[in-house]
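Hello,

Here is the structure I promised to pass on to you. Please have a look at it first, and then read my notes below.

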Amino acid sequence: MRQLLGSGRISEALVKAGEALAANPHDVEAGFVAAVALAESGRVADALKAIGAVLRAEPSNAEYLAQQARFFLLARREADALAAARQAVTAGSLEPLVLDTIGCVFARLGAHDEALPLFEKAVASAPEVIEFQFNLGSTLGFFGRVDEAARAYEAILAREPGHGRAHLALAGLRRASAGAGIARIAAALSQNPDPEEEVRLRYAAFQLYEAERQLDEANAQLSLANARHRANLGYQFEIDQALFEIIRRTFVRDLPLTPDSRLGDAPIFVVGLPRTGTTLVDRILSSHADVTSAGELQAMPLAVKQLSGTSSRLVLDPATVEASRGVSAQKMGELYLARARQNAGASGPRFTDKFPLNFLYIGYILQALPHASIVCLRRGAMDSVWSNYKHLFALGSPYYRWSYDLMDTARYVLLFQRLMAFWRQRFPGRIHEVTYEWLVADQETETRKLLTHCGLAWDANCLEFHQNRAAVATPSAQQVRQPINARSVGRWRDYDKHLGKVKDYFLANGIPLD
């Protein structure tokens with residue numbers, strides 16, 4: 001039965017497990033296979049019931065506990081997932097797949113310090129398994145251990161020379177010769193990789209050509225990668241445009257939630273466009289003695305979605321915004337906090353939630369959590385466009401589909417700026433905007449303003465954020481381990497000749513380029 005699972009024959013595995021259980025309801029192995037098959041079929045509630053029955057028979061089986069933790073994650077029961085993962089560690093296992101599974105649960109919950117030793121043990125036991133090496137490399141990178149991370153990625157490429165994620169991760173670490181890396185990527189591209197791998201390889205090539213200051217070739221690789229990826233997405237900008245419009249219309253007069261929130265909790269929301277300094281500000285804040293970082297939480301989007309009760313596929317869409325009218329602000333705040341507190345980084349009284357696109361939810365946040373602090377990053381329009389266009393987000397993510405075309409990205413930046421102008425007018429004094437360029441020019445002055453807005457006393461450690469050893473699970477993990485600098489300011493000018501239409505668009509709409 002396990003062989004059927006391993007080969008992807010999920011339906012057959014479920015049938016065989018069912019037959020075995022019919023013959024012997026106490027067949028624990030069949031119950032386990034049934035649970036995994038149910039989860040892989042999308043029947044997560046049934047999978048949790050099945051794995052619960054298995055664990056009643058063998059409550060200290062680390063493999064079963066690891067899978068239960070994974071199922072809890074699928075069910076968005078993060079607190080239960082964390083508890084099951086920790087039970088699995090206590091139960092003990094030498095099986096590398098079990099160790100990796102538990103590690104992945106911890107990683108998803110932001111508990112990277114608990115994930116790392118498990119990934120290390122999994123790789124030590126099975127260094128030939130590429131996925132184990134990749135998980136280890138990623139987590140080492142989060143802790144700034146870049147040389148060790150590079151070795152993990154090199155181990156992958158020694159076995160699979162065309163592995164796009166490893167090439168892309170290695171290019172970001174800058175731990176190998178750019179010229180040698182470009183040659184390896186060219187060889188991988190000559191093997192006609194699948195479309196997703198091609199996109200990753202070309203993004204990696206872009207980074208290495210840029211490092212060599214071969215900017216025309218860098219731009220050619222990036223443009224081709226983005227064009228290929230966007231063609232597969234079927235993205236329509238009008239969908240995002242309609243969403244921004246319904247948000248404005250919903251909050252322009254009477255606020256949509258029932259004004260009954262009495263919650264005194266005061267999380268700090270760091271919002272803004274991606275790639276504009278949100279990780280930097282989150283790092284500054286979480287270097288304060290009284291603040292922890294919970295990373296990029298989905299807690300507010302999921303609270304709005306759940307209480308709105310819509311069945312649409314998207315977490316936020318016009319139907320969900322419309323259905324939020326009349327929802328209790330108190331319940332929304334309670335639901336947000338219950339989910340947020342399940343994250344390892346949100347255990348303290350003050351924590352940061354650094355999901356950038358929470359800027360769409362500012363109206364909900366301020367109603368549901370009246371004592372919350374909102375910090376919004378602002379960056380020059382052209383740098384905002386370029387920094388997003390040149391970054392490969394998770395290929396399956398529905399949030400950033402606008403970022404794979406220069407003009408889509410420019411139009412999205414304008415939508416963002418106009419929505420933030422609306423929020424400022426609608427909630428005067430409640431949003432503190434940090435201009436990235438000002439922050440890197442005068443860190444102390446801007447940090448003092450930031451802390452004052454958040455109701456925090458001065459803490460000089462905030463100026464030494466790069467000494468903070470906690471994990472950073474964002475693309476800026478390496479940058480925020482260095483002292484503040486202005487190297488990223490005006491980077492778009494390197495590609496000025498390729499950005500004429502974007503410049504014309506911003507100037508026509510009265511938007512300064514820098």
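How many aromatic pairs does a search of the whole structure find? The answer is 21. Please keep in mind as you read that this is a predicted model.

One of those pairs is worth showing you. The rings of Phe269 and Tyr336 have their centres 5.3 Å apart, and with 40° between the planes the pair is tilted. Phe269 belongs to strand β1 (residues 268-271) and Tyr336 to helix α19 (residues 329-340), so you will find that this pair links distant parts of the chain, 67 residues apart.

Next, the sheet. Strand β1 is also part of an open sheet of 5 strands, in which the order is β2-β3-β1-β4-β5 and the pairing is parallel. At the edges stand β2 (292-293) and β5 (431-435); each has a single partner strand, so one side of each has no neighbour in the sheet. In general, the strands of a sheet pair through backbone hydrogen bonds, in either a parallel or an antiparallel way. Between β4 and β5, the parallel pairing runs over 5 bridges. If you want a spot to zoom in on, Arg378 stands opposite Thr435 in β5.

Two helices pack on this sheet, and both touch β4 and β5. The direction of α22 makes about 145° with that of β4, while α24 (residues 443-453) makes about 165° with the direction of β5.

Arg378 comes up again in the cavities. The whole structure has 2 cavities of 30 Å³ or more, and the second largest holds about 40 Å³ of space. Which residues line this second largest cavity? They are Leu273, Thr276, Leu377, Arg378, Arg379, Ser384, Val413, Phe416 and Gln417. By class, that lining has 4 nonpolar, 3 polar and 2 charged residues. Both β4 (373-378) and α22 (406-426) supply at least two residues of the lining, and α22 gives the most, with 3 residues.

Finally, a word on Lys390. Where does Lys390 sit? Its place is in the loop between α21 (381-389) and α22. Apart from neighbours within four places in sequence, Lys390 is in contact with Tyr203, Phe206, Glu210, Leu222 and Arg491. As for Leu243, Lys390 is 147 residues from it in sequence and 25 Å from it in space, C-alpha to C-alpha.

I hope you enjoy exploring it.

Best wishes

Terms used:
Residues numbered from 1 in each chain as written. Predicted model: local features only at pLDDT ≥ 70, side-chain atom pairs only at ≥ 80, totals over all residues. Heavy atoms only, no water. 1 Å grid on protein atoms, 1.4 Å probe; cavity = no way out; pocket = protein on both sides within 12 Å on 5 of 7 lines; lining within 4 Å. Points joined across faces, edges and corners; volume = space filled by probe spheres on them. Helix = DSSP H or I, 4+ residues; strand = E, 2+ residues; numbered from the N terminus. Nonpolar A, V, L, I, M, F, W, Y, C, P; charged D, E, K, R; others polar. Pairing = 2+ DSSP bridges. Contact = heavy atoms within 4.5 Å. Axes fitted to C-alpha atoms, helices over the stretch in contact; angles between N-to-C directions. Phe/Tyr/Trp six-rings, centres within 6.5 Å; stacked < 30°, edge-to-face > 60°.
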